[in-house]
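Colleague: Got a minute? I'd like to go through this one with you.

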Protein chains: 2
Amino acid sequence: MDKQSILVGFGAAVAARRKEKGISQERLAEIVGLHRTYVGAVERGERNCTLTTIFRIAEGLNWSPEELVRNGMFATQ
Amino acid sequence: MDKQSILVGFGAAVAARRKEKGISQERLAEIVGLHRTYVGAVERGERNCTLTTIFRIAEGLNWSPEELVRNGMFATQ
């Protein structure tokens with residue numbers, strides 16, 4: 001899987017889960033302690049999150065990190 | 001889960017899988033195109049890998065990224 005597909009897929013999974021939970025990018029950013037513009041960039045596949053940030057975002061979405069990663073893989077297919 | 005536990009757990013999962021496959025850090029580094037010292041640092045929990053590096057390492061270990069992340073969580077318990 002190429003780098004761009006990985007990032008875009010992950011971002012799509014974050015966005016889908018966030019919308020499912022009915023929260024804004026601002027709210028998610030607040031919950032996980034990241035900047036709103038960073039969350040937006042992640043969702044657009046413009047940022048390559050570190051492992052610990054993946055854990056923070058997953059926690060903010062009430063998801064396990066592995067589920068978030070798995071859903072990111074499906075999102076790119 | 002605190003940052004240090006996440007990194008140490010992930011590194012332990014990488015090391016365990018690599019040894020299970022009977023390959024050296026040097027060999028894994030070669031396969032995934034990373035420096036040997038970087039792989040060593042990851043296994044000791046001293047590096048916070050990005051999402052795309054997690055995918056590369058998982059591929060080098062013939063694992064899915066989600067399995068690698070999941071095993072990292074178990075490794076810390």
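Modeller: Sure. When I say two residues touch, I mean that their C-beta atoms, placed from the backbone, lie within 7 Å. This is a predicted model, where local features need pLDDT of at least 70 and side-chain atom pairs count only at pLDDT 80 or more, while totals for chains, interfaces and linings use all residues. Residues are numbered from 1 along each chain as its sequence is written, and chains are lettered from A and ligands numbered from 1 in the order in which they are written.

Colleague: OK, what does B:Leu51 touch?

Modeller: Leaving out residues up to four places away in sequence, B:Leu51 touches A:Ile6, A:Leu7, A:Phe10, A:Asn48, A:Cys49 and A:Ile54.

Colleague: And how many residues does each chain put into the contact?

Modeller: 16 residues come from chain A and 16 residues from chain B. On the chain A side, helix 1 (3-20), helix 4 (51-60) and helix 5 (65-75) are the elements giving two or more residues. Helices here are DSSP runs (H or I, at least four residues), numbered from the N terminus.

Colleague: Which surface do the copies meet through?

Modeller: The same one, because 100% of the interface residues of chain A are also interface residues in chain B.

Colleague: What rotation superposes chain A on chain B?

Modeller: One of 180° with 0.0 Å of shift along its axis, at RMSD 0.0 Å. The fit is by least squares on C-alpha atoms of residues with pLDDT of at least 70 in both copies. The two copies are thus related as by a two-fold rotation axis. In chain A, A:Thr50 has the C-alpha nearest that axis, 2.0 Å from it.

Colleague: Switching topic: at what angle do helix 4 and helix 5 of chain A cross?

Modeller: Roughly 95°, with their axes coming within 8 Å. Those axes are lines fitted to C-alpha atoms over the stretch in contact, with angles from 0 to 180 degrees between N-to-C directions. Helix 4 and helix 5 of chain A are therefore roughly perpendicular (65 to 115 degrees).

Colleague: Which residues make that contact?

Modeller: A:Ile54, A:Phe55, A:Ile57 and A:Ala58 from helix 4 of chain A, plus A:Pro65, A:Leu68 and A:Val69 from helix 5 of chain A.

Colleague: Last one: is A:Val42 buried or exposed?

Modeller: A:Val42 is buried, since 25 other C-beta atoms lie within 10 Å; the cut-off for buried is 20 or more, again with C-beta atoms placed from the backbone. A:Val42 is found in helix 3 (residues 36-43) of chain A. Not counting residues up to four places away in sequence, A:Val42 touches A:Gly11, A:Val14, A:Arg47 and A:Cys49.

Definitions and conventions
Angles under 35 degrees count as roughly parallel, over 145 as roughly antiparallel, 65 to 115 as roughly perpendicular and the rest as oblique. A residue is buried if 20 or more other C-beta atoms lie within 10 Å of its own, exposed if 12 or fewer, and partly exposed in between; C-beta atoms are placed from the backbone.
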